[in-house]
Amino acid sequence: TFGPLEVQAGAPRLQLAQNGPNPFAARTTIRFGLPVSGPVALRVFDLGGALVRTLLDGPADAGPGEVTWDGRDAGGAPVPTGVYFYRLTTPHGSETRKMIVQR
């Protein structure tokens with residue numbers, strides 16, 4: 001006889017969802033999932049790769065999380081219409097997605 005069979009699809013992995021709404025004018029939400037607790041950074045960059053704003057930089061618990069961005073830069077000024085990238089970085093990897101600000 002055989003005992004119960006357990007199947008695992010693989011180790012949990014870093015997940016970064018597409019922001020919503022996208023495009024957006026006033027604010028957008030960025031959702032992510034972390035496989036383990038630890039340091040996390042979520043940053044927004046312009047098309048040239050310049051840092052626009054850091055949305056999250058510090059410890060975070062494993063599991064789902066979300067951050068809202070108000071479309072403003074680090075100085076508090078609204079960013080212009082255009083394409084931006086957001087990158088989630090952890091010690092276990094990073095993921096990047098594209099979003100559009102439409103004023």
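Where is P21 found? Keep that question in mind as you open the model, which is a predicted one, and we will come to the loop in a moment.

**The whole chain**

Start by colouring the protein chain by secondary structure. You will see 0 helices and 7 strands, and reading along the sequence gives the pattern β-β-β-β-β-β-β. The protein chain has 103 residues, of which 31% count as buried. Among its contacts with a separation of 6 or more, 54% are between residues 24 or more positions apart.

**The loop between β1 and β2**

Now select P21 and zoom in. P21 is found in the loop between β1 and β2. Look at the link from G20 to P21: this peptide bond is cis, with omega near 0°. Move along to P23, which is placed in the loop between β1 and β2. The peptide bond from N22 to P23 is cis, with omega near 0°. As background for this stop, most peptide bonds are trans.

**An open sheet**

Next, select β1, β2 and β5. They form an open sheet of 3 strands in the order β1-β2-β5, with antiparallel pairing. The edges are held by β1 (15-16) and β5 (63-69), and each has a single partner strand, so one side of each is left without a neighbour in the sheet. For a closer view of one pairing, show β1 with strand β2 (residues 28-34): the two run antiparallel and are joined by 2 bridges. One place to look is L16, whose bridge partner in β2 is F32.

**Two neighbours in β2**

Stay on this strand and select T29, which is placed in β2. Is T29 buried or exposed? T29 has a relative accessible area of 15%, and the cut-off for buried is under 20%, so T29 counts as buried. Leaving out residues up to four places away in sequence, T29 touches N19, G20, E66, V67 and T68.

Then step to I30, also placed in strand β2. I30 is buried, with a relative accessible area of 0%. Show what surrounds I30: beyond its neighbours within four places in sequence, I30 is in contact with L16, N19, L42, L55, G65, E66, V67, Y86 and M99. You can also draw a distance from I30 to A17; they are 13 residues apart in sequence, and their C-alpha atoms are 6.8 Å apart in space.

**The β6-β7 hairpin**

Move on to β6 and β7. A hairpin joins β6 to β7 through 2 residues. The two strands run antiparallel, with 9 bridges joining them. To see one facing pair, select G82, which stands opposite V101 in β7.

Just along the chain is Q102, found in the segment after β7. Q102 counts as partly exposed, at 49% relative accessibility. Which residues does Q102 touch, not counting residues up to four places away in sequence? They are P23, F24, A25 and T81, and P23 takes you back to the loop between β1 and β2. Try a distance here too: Q102 and A26 are 76 residues apart in sequence, yet 8.8 Å apart in space, C-alpha to C-alpha.

**The nonpolar core**

For the next stop, select V44, W69, L88 and M99. Of the 20 residues in the largest nonpolar core, these touch the most other members. The elements that give two or more residues to this core are β2, β3, β4 (51-60), β5, β6 (82-90) and β7 (93-101).

Centre the view on L88. Not counting residues up to four places away in sequence, L88 touches L14, Q15, L16, F32, L34, V40, A41, L42, G93, S94 and E95.

**The cavity**

How many cavities of 30 Å³ or more does a search of the whole structure find? The search finds 1. About 40 Å³ of space lies in the largest cavity.

To locate the largest cavity, select its lining: L34, P35, V36, S37, G38, P39, V40, T90, P91 and H92. Strand β3 (residues 38-46) gives the largest share of this lining, 3 residues. Colour the lining by residue type and you will find 6 nonpolar, 4 polar and no charged residues. Two of the lining residues, L34 and V40, are also among those that L88 touches, so you can show L88 alongside the cavity to finish the tour.

Methods: Residues are numbered from 1 along each chain as its sequence is written. This is a predicted model: local features need pLDDT of at least 70, side-chain atom pairs count only at pLDDT 80 or more; totals for chains, interfaces and linings use all residues. Side-chain values use heavy atoms; hydrogens and water are left out. On a 1 Å grid over the protein atoms alone, a cavity is a set of points where a 1.4 Å probe fits but cannot get out, and a pocket is an open set with protein on both sides within 12 Å along at least five of seven lines; lining residues have an atom within 4 Å of a point. Grid points are joined across faces, edges and corners, and a volume is the space filled by probe spheres set on the points. Helices (H or I, at least four residues) and strands (E, at least two) are DSSP runs, numbered from the N terminus. Ala, Val, Leu, Ile, Met, Phe, Trp, Tyr, Cys and Pro count as nonpolar, Asp, Glu, Lys and Arg as charged, and the others, Gly among them, as polar. Two strands pair if DSSP finds at least two bridges between them. A nonpolar core is a set of buried Ala, Val, Leu, Ile, Met, Phe, Trp, Tyr and Cys residues joined through side-chain atoms within 4.5 Å. Buried means under 20% relative accessible area, exposed over 50%, partly exposed in between (1.4 Å probe, protein chains only). Contact means heavy atoms within 4.5 Å.
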